[in-house]
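Biologist: Mind walking me through this one? Show me the thing and then I'll pester you with questions.

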Amino acid sequence: MRTKIPLIICLVFGVIMFAQYFSSHPLALKVYNNILEWWQIIFAFTLFIGVLAFVKNNLKNISRGKEPIYKLIGLLGLVLMPILAIAGGTGIDSPFMWSFDNMLAPMQATVFSLLAFFVASASYRGFRARTVSATILLLTALIVLLGRIPLAEMVSESFPKLTFWIQSYPSMAARRAILIGIGLGSMTTALRVILGIERTYLRGE
Amino acid sequence: MRSFWRISIFFLGLIAAANPVYASNGDEKTGAWLNFDTVTTLIFSIISLLIVLYAIWSVKSGRKFKIRDIPGLKAVDEAVGRATEMGSPILYTPGWGGDIQRPTTIASMNILSSVAAKTAEYDTRLIYPTHDPVIMAVAQEVVREAAIRAGHADRFRADDVFYISSSQFGYAAAVDGIISREKPASIFLLGTFEAESLILAETGNAIGSIQIAGTDSTIQLAFFIVACDYTLIGEELFAASGYLSRNESILSSVKAQDIIKIMIALFIVVAMIWATIDPSSKWWVF
């Protein structure tokens, strides 16, 4: 029974969501919007569980002396931001927005900017011309890189054209082949879940 | 299966019965039970569904399907074995981009189940940080059940499957920190990844972990290919469930996927030849 009820719910809602996509009737739209609202409510409850688990985990680690500073900062952030929002509001000059603009946003930008260095190191590894295919990749990347800068157009007008051709044909063909595979994989996975063949999400069966 | 057909026929019947509302008032699109703009998708979906059902029926009548070797999935044992030998944990994360209703996340859960069963068997620690509380709840259940299935329920550590933050770079920074401090021997990056993919993969690469990755984003796949040891490309991620469990019904749906792919390829070839011969033709455009 513990497996059957979720399977029936999944089947019914899977078929409803599938059928409503092909309808523009107000009832179908209403059902769709209602289900989305239910989803938001479920998410809100699980967010509560997630935050509780986060607090519990951090407190446990602090009591065990395992990375207590990181855990304390995490907990402080979690507690302080809502307090600032409740006490001072979320206006432009509020302490909440000050913390958001001067602490959270720069920290996020810092992590994002790491990407530039990681792209450089990953490109270096990927473009090392050790094999024929790696050499082709390196040459193609060089052409595309050169074709995207104004200087290349001054050297030869063929660079931007070649870049456009590489991106529109060989590169796009490969991407579309992968996308077709992903699309079909997603579709059959969804069908397996709706038909009850795939049950891993249900107690790992 | 029977109930599926009953419900499907009921809905299709409902649509067909109510559709004269649209037919009698042809220029009024909104309010129709059947939206004719989506008919092509409906036909393709029904054909795909029939092919999947045919493949499942074939298996039930005794036909065997074989699936080619997928290096990324073959390496799962190697990754778990390496972590066990080194006495280091395994890190498994589904990325920031997905939620539980996404097929990629479901596919990732299938692989997690196999990995969790193996880690429970070898008593290796499995760390699962996530950005979504729903994924956390499902993953906890999957890991717990996998440990029970492996006969080691006591080796399930609920604290190791945890929620971090719904903020993209908050999540990336936290997982990066865990990788740097815990130094996992093996890292599984399987799910929906966005800009955080390379940040995580490069950090894992820097500490010398064996990395198995797979995602549904073609942009992030390129990053995974250069930074990870094994990458599941395209449909490989979705075939993992059947490949790892050897469940015949799941394998048959993977086979159905191949049949549909061949049909699409044939359609593309025919349309290409047709368009070359008659450039003004448009029947193949949907």
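**Confidence and contacts**

Modeller: Start with a caution: in this predicted model, residues 17-28 of chain B keep a pLDDT (the predictor's confidence in each residue, from 0 to 100) under 50. For that stretch the model has nine contacts beyond four places in sequence, where a contact puts two C-beta atoms, placed from the backbone, within 7 Å.

Modeller: Some bookkeeping: residues are numbered from 1 along each chain as its sequence is written, while chains are lettered from A and ligands numbered from 1 in the order in which they are written. Since the model is predicted, local features need pLDDT of at least 70 and side-chain atom pairs count only at pLDDT 80 or more, but totals for chains, interfaces and linings use all residues.

Biologist: What pLDDT does chain B average?

Modeller: In chain B, 89% of the residues score at least 70. The complex gets an ipTM of 0.87 and a pTM of 0.87 from the predictor. The chain B average is a pLDDT of 86.

Biologist: How many helices does chain A have?

Modeller: Helices here are DSSP runs of H or I, at least four residues, and strands are E runs of at least two, both numbered from the N terminus. Chain A has zero strands, and its elements read α-α-α-α-α-α-α-α from the N terminus on. The helix count is eight.

Biologist: Is chain A more spread out or less spread out than a compact globule?

Modeller: Take the radius of gyration over C-alpha atoms, and the globule rule as 2.2 Å times the number of residues to the power 0.38. For 205 residues the rule gives 17 Å, and chain A comes in at 26 Å, well over that, so chain A is more spread out.

Biologist: What percentage of chain B is buried?

Modeller: Buried means 20 or more other C-beta atoms within 10 Å of a residue's own, exposed means 12 or fewer, and partly exposed is in between, with C-beta atoms placed from the backbone. In chain A, 16% of the 205 residues are buried. For the 286 residues of chain B, the buried portion is 48%.

Biologist: Which helix gives the largest share of the side of chain A that touches chain B?

Modeller: The contact takes 53 residues from chain A and 66 residues from chain B. On the chain A side, α1 (4-21), α2 (26-64), α4 (95-126) and α8 (170-195) each supply at least two residues. The largest share, 17 residues, comes from α8(A).
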